[in-house]
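Hi everyone, thanks for coming. I'd like to walk you through one model today, so let's put it up on the screen.

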Amino acid sequence: MERPLGRTGAFASAIGQGTTKTGPWSDASSERDRERIAVLQYGIELGMNLIDTAELYGGGHAEDLVGRAIAGRRDRVVLASKFNPEHSGYATLLAAAEASLRRLRTDYLDLYQLHWPEPRIPFEETVAALDRLVADGKVRWVGLGNMTSVQLEHARRLASHLPLVSVQVEYNLFQRAAESDVLPYCEEAGLTPLAYSVLDRGAGMVAGPRRDLLAGLASKYECTVAQIMVAWVLRRPGVIALVKAASRQHTTENAGAIALRLEDADLAHLEQCFAQRILHVAPERIDVRGVYRTADEARQNVQDLVPAPVAVAECLARGESLKPLPLAAMSGSGEERRYALLDGEVLYWGWVLARGLGDPMPAFVRDGDVGMGGAV
Ligand SMILES: NC(=O)c1ccc[n+]([C@@H]2O[C@H](COP(=O)([O-])OP(=O)(O)OC[C@H]3O[C@@H](n4cnc5c(N)ncnc54)[C@H](OP(=O)(O)O)[C@@H]3O)[C@@H](O)[C@H]2O)c1
C-alpha cells in the first residue's frame with residue numbers, strides 16, 4: 001500500500017524504513033553492516049520503498065549503509081534524509097547536502113528534511129539553500145520535522161515556492177500530542193505526516209499496564225503487538241509510519257501490518273484505554289536526569305544543545321505552545337506527587353527559563369493507567 005507525498009501526485013510506501021541506532025563508524029563491524037544492508041534490501045523487496053535516514057545517525061554511518069543498500073535499486077526507492085539544525089544556514093546546508101549525497105552514493109535526494117528547528121538561524125537562509133538544491137536537481141521535495149503548527153505555518157509562509165511535502169512527528173499509542181496540533185494542520189495544508197517512533201522505540205511492547213490489551217488484540221488478529229501498533233497509526237488516512245527494524249523477522253512483521261485492519265470496536269477500545277490525559281505539573285515537581293541540573297547551567301548551555309534552552313524560552317515568550325512532555329510518576333500522591341522527565345530536556349529547561357520552576361507545564365504520564373480506572 002502506498003500513500004501520497006503531499007500534493008505532488010507522487011507516492012511512497014505507507015511504511016517507511018527507519019535507520020536510527022546504526023551506531024557510529026567507530027563501532028562498525030563489517031558483519032553487522034552487511035546484515036543491516038541486507039535487511040534494508042529485504043524491506044525494499046517487501047514493498048517498503050521509503051527509506052528515512054539522517055546525517056545525524058551514527059555520524060553519517062547510517063547514510064553510508066543506506067547508500068550501499070540502494071546501489072542498483074536507486075530508482076525503486078523514495079530516499080529521504082535529514083540535515084542537522086545547526087547546518088540550516090545557507091553555506092552549511094549546501095555543504096551538508098553534498099556530504100549526504102556522497103555518503104548515499106546518489107546525485108539526488110527525493111526528500112530532504114530539516115531534522116528539528118534551530119531558531120537562532122534565520123529560516124530564510126534555510127529556504128534559500130533548499131531553493132538552490134531543488135533548482136540544481138539535487139533535491140526533489142522538502143520536508144520539515146518536530147515543529148508545532150505555529151512553527152509550520154511560519155515556515156510554510158517563508159517557503160511557499162518550495163516543494164514542501166511532509167512533516168516528521170512523533171506519534172504512537174503512548175504519545176498522541178500530534179492529534180491535536182500537527183496532524184490536523186498537515187491535513188489542512190496538504191502535507192504528509194511521517195509518523196516516527198510508531199513502536200514507541202520498542203518500549204511500548206515490553207512493559208506497562210496496557211500491554212495486556214495489546215497482547216489480547218494481537219492474539220485476536222493472529223498478529224504481533226508491533227503490528228497492532230503500526231496498524232493503529234495507519235488507521236489515519238494519509239499518515240506514513242516510519243519504523244526501524246534491524247532483523248528480517250521484525251521487517252517481515254512490519255510489512256505485514258500494512259494489510260491489517262482493526263475493527264471499529266477495537267479502535268474505540270484502544271481510543272478509550274490510550275486516551276492521553278494532559279496534566280499541568282510544576283517543573284519543580286519533575287526530576288530531570290539529563291545534561292543540566294540547574295536553570296543556570298541550561299542558560300549557559302555549555303553542552304551546545306540545539307536548540308539552546310534559551311532559544312526555546314524565547315519562542316515560548318513569543319506565545320508559542322509547548323508539546324506535552326512525557327513523565328513517569330514517582331513517589332507521593334496528589335499535589336505532593338513527584339515525576340521523572342522521560343524525554344524533552346531542552347523543552348523542559350526552555351519552559352523553566354521562560355516561566356520559572358513554579359508555573360505548571362503541559363505533560364502526560366506515560367505508563368499511567370489513564371482510561372483504565374487507575375489513578376495517575
Ligand atoms: N525526525 C525525528 O526527529 C525522528 C526521531 C526519531 C525517529 N525518526 C525516524 O523514525 C524511525 C523509527 O523511529 P524509532 O527508531 O525512534 O523507533 P521505532 O520504530 O518506534 O522503534 C524501533 C525499535 O522497535 C524494534 N522493532 C522494530 N520492529 C519490531 C517488531 N516487529 N517487533 C518488535 N520490535 C520491533 C526495533 O528493534 P530492532 O532494531 O532490534 O529490530 C527497535 O528497537 C527512525 O529510525 C528514524 O528514521 C525520526
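Which element gives the most to the shell around the ligand? That is α9, with three residues. Before I go on, a word on what you are looking at. This is a predicted model, where local features need pLDDT of at least 70 and side-chain atom pairs count only at pLDDT 80 or more, while totals for chains, interfaces and linings use all residues. Residues are numbered from 1 along each chain as its sequence is written, and side-chain values use heavy atoms, with hydrogens and water left out.

Back to the ligand. There are 27 residues around it, where a residue is near if one of its heavy atoms lies within 4 Å. Thr20, Asp52, Lys244, Ala246 and His250 come nearest. By class, the shell has 10 nonpolar, 11 polar and six charged residues. Here Ala, Val, Leu, Ile, Met, Phe, Trp, Tyr, Cys and Pro count as nonpolar, Asp, Glu, Lys and Arg as charged, and the others, Gly among them, as polar.

Now for the polar contacts, meaning pairs of N or O atoms within 3.5 Å. Lys244 places a polar side-chain atom 2.5 Å from a ligand oxygen. Ala246 uses a polar backbone atom, 2.7 Å from an oxygen of the ligand. The protein covers 86% of the 900 Å² of accessible area that the ligand has on its own, by the Shrake-Rupley method with a 1.4 Å probe. Two or more shell residues come from each of β10 (240–243) and α9 (248–256); helices (H or I, at least four residues) and strands (E, at least two) are DSSP runs, numbered from the N terminus.

Arg201 deserves its own moment. A backbone N or O atom of Arg201 lies 3.0 Å from a ligand oxygen. Arg201 sits in the loop between β9 (192–196) and α7 (211–220), and its phi is near 55°, a positive value in a residue other than glycine. Most residues other than glycine have a negative phi, and most peptide bonds are trans. On that second point, look at Val306 to Pro307: that peptide bond is cis, with omega near 0°. Pro307 lies in the loop between α11 (295–300) and α12 (309–317).

Finally, the domains. The chain is divided into domain 1 (2–273) and domain 2 (279–365), with bounds from an automatic or database domain assignment. Their C-alpha centres lie 27 Å apart. Thanks, happy to chat!

Notes. A polar contact is a pair of N or O atoms within 3.5 Å; within protein, one must be able to donate a hydrogen and the other to accept it, and residues adjacent in sequence count only if both atoms are side-chain atoms.
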